[in-house]
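Let's take a walk through this structure together, one piece at a time. Keep the 3D view open and follow along.

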Amino acid sequence: MKQLMRGSGGEYNTAMPHPIDYNLEEDFPNLAVSGWHKTSEPSDVYNCIAFSLHDTQQWWAYGAIRVRGYYWPPGLTRDDTVESWIEVFEIHGFQRCLTTDLEQGIEKVVIYVNRGEPQHITRQLENGIWISKLGPDEDIEHNTLEALVGDKYGKVEIIMKRPRVSKATS
Amino acid sequence: MGDEEHIPRQEGYHAASTVEADIPNGIRISHVSTEQQTVEQKFRRLADQWRKETRLQSSINKRAMHSAYQQIIGMGQDALPLIMEELKRTRGHWLWALFAITGEDPAPEGCTFSEAVDAWLRWGIQHGYASPD
């Protein structure tokens, strides 16, 4: 597995560190230990659910009021529960599994849960590294799932997998 | 709330009315009323707080229910030019606030977030809350 440099001063941060980089390590203290790097600028166009399904054109979210401009798969439960997030991934071919270990030809996603509510979902790349879209903030690659464990996103609770359908990494 | 309930901003898209005057030495000064400055300052403070405190959040419900965002909605029509300016600048998640304040949704059914932002910016220009340039 390719390892990323630790902290914000590693070889993957070739430009002057973005101020957000520093904030991220404050928000996620484990990031610096894990090793990570930024892979995109912040974007309000898509979120972590969309990104985990290789969609960078839509913000996947149900709205308590029906404001247009957000996407949620028709017919699915419209709430912010772990179960409804699982449902979204099940209709895209994922099923629950027990291990986050890298498996050839298998794509895995992991849902972080805090106080019973889903907070974030991350996707495993073919090299075993995880890639995340952080809210409207940037995309990052992080070596470990522990990198994002903490007060913001809680802990890893749900692991899902499906056969890889694309070599795309974004 | 329907379209007819909007009061067009005849004086332009800025919330603050500016009094300008020429003084000797070719210097031009302007004064923005304290009340209007306060509205803008309040909006900027709340918008900054909301952006900072929700920047890792992917749930639109949680982002929209943040107290700062709700306070901006509570500012009502006074906030519309400021929201439009912010929407134009950042193309961020102001659609919920605009919908809550105006009761309208000019975005087409099934559109993407970017398309919805464009629709709202057109709406803002049509209703005098945003500049066309």
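Start with Q49(B), which is partly exposed because 16 other C-beta atoms sit within 10 Å of its own, while a buried residue would need 20 or more. This is a predicted model, so bear that in mind for everything that follows. You'll find Q49(B) in helix α1 of chain B, the stretch covering residues 34-54. Now look for S67(B): along the sequence, 18 residues separate Q49(B) and S67(B), and in space their C-alpha atoms are 9.5 Å apart.

Stay in chain B and move along to α5(B). How many of the residues of α5(B) are buried? The count is 7 of its 8, so to speak a helix that is mostly covered. The buried ones are L95(B), W96(B), A97(B), L98(B), F99(B), I101(B) and T102(B). And what does the covering? Among the elements lying over these residues are α2 (60-64), α3 (67-74), α4 and α6 of chain B. Just after α5(B) comes G103(B), with a positive phi near 75°.

Next up is α6(B), residues 113-126. Its 14 residues should span 20 Å at 1.5 Å a residue, and the C-alpha atoms at its ends are indeed 20 Å apart, so the two values agree. Which residues of α6(B) are buried? They are F113(B), A116(B), V117(B), W120(B), W123(B) and G124(B). These residues lie on the same side of α6(B), because the arc they cover around the axis is only 120°. That buried set packs against α4 (80-90) and α5 (95-102) of chain B. After α6(B) you meet another glycine, G128(B), whose phi is positive too, near 80°.

Now swing over to chain A. Its secondary structure adds up to 4 helices and 7 strands. Reading from the N terminus, the order is α-α-β-α-α-β-β-β-β-β-β. Chain A has 170 residues, and 34% of them count as buried. If you take the contacts in chain A with a separation of 6 or more, 61% of them link residues 24 or more positions apart.

Zoom in on some of those strands. Strand β4 (residues 117-124) and strand β5 (residues 130-133) of chain A run antiparallel and are joined by 2 bridges. Across this pairing, Q124(A) stands opposite W130(A) in β5(A). The two strands make a hairpin with 5 residues between them, and there G128(A) takes a positive phi near 95°.

Then β5(A) carries on to another partner. It pairs with strand β6 (residues 139-142) of chain A, again in the antiparallel sense, over 4 bridges. Within that pair, S132(A) has I140(A) in β6(A) as its bridge partner. Here too the strands form a hairpin with 5 residues between them, and G135(A) in the turn has a positive phi of about 55°.

Finally, step back to see the two chains together. Where they meet, the contact takes 24 residues from chain A and 23 residues from chain B. On the side of chain A that touches chain B, the residues split into 11 nonpolar, 7 polar and 6 charged.

Technical notes. Residues are numbered from 1 along each chain as its sequence is written. Chains are lettered from A and ligands numbered from 1 in the order in which they are written. This is a predicted model: local features need pLDDT of at least 70, side-chain atom pairs count only at pLDDT 80 or more; totals for chains, interfaces and linings use all residues. A residue is buried if 20 or more other C-beta atoms lie within 10 Å of its own, exposed if 12 or fewer, and partly exposed in between; C-beta atoms are placed from the backbone. Two residues are in contact if their C-beta atoms, placed from the backbone, lie within 7 Å. Ala, Val, Leu, Ile, Met, Phe, Trp, Tyr, Cys and Pro count as nonpolar, Asp, Glu, Lys and Arg as charged, and the others, Gly among them, as polar. Two strands pair if DSSP finds at least two bridges between them. The expected span of a helix is 1.5 Å times one less than its number of residues. The arc is that of the directions from the helix axis to the C-beta atoms.
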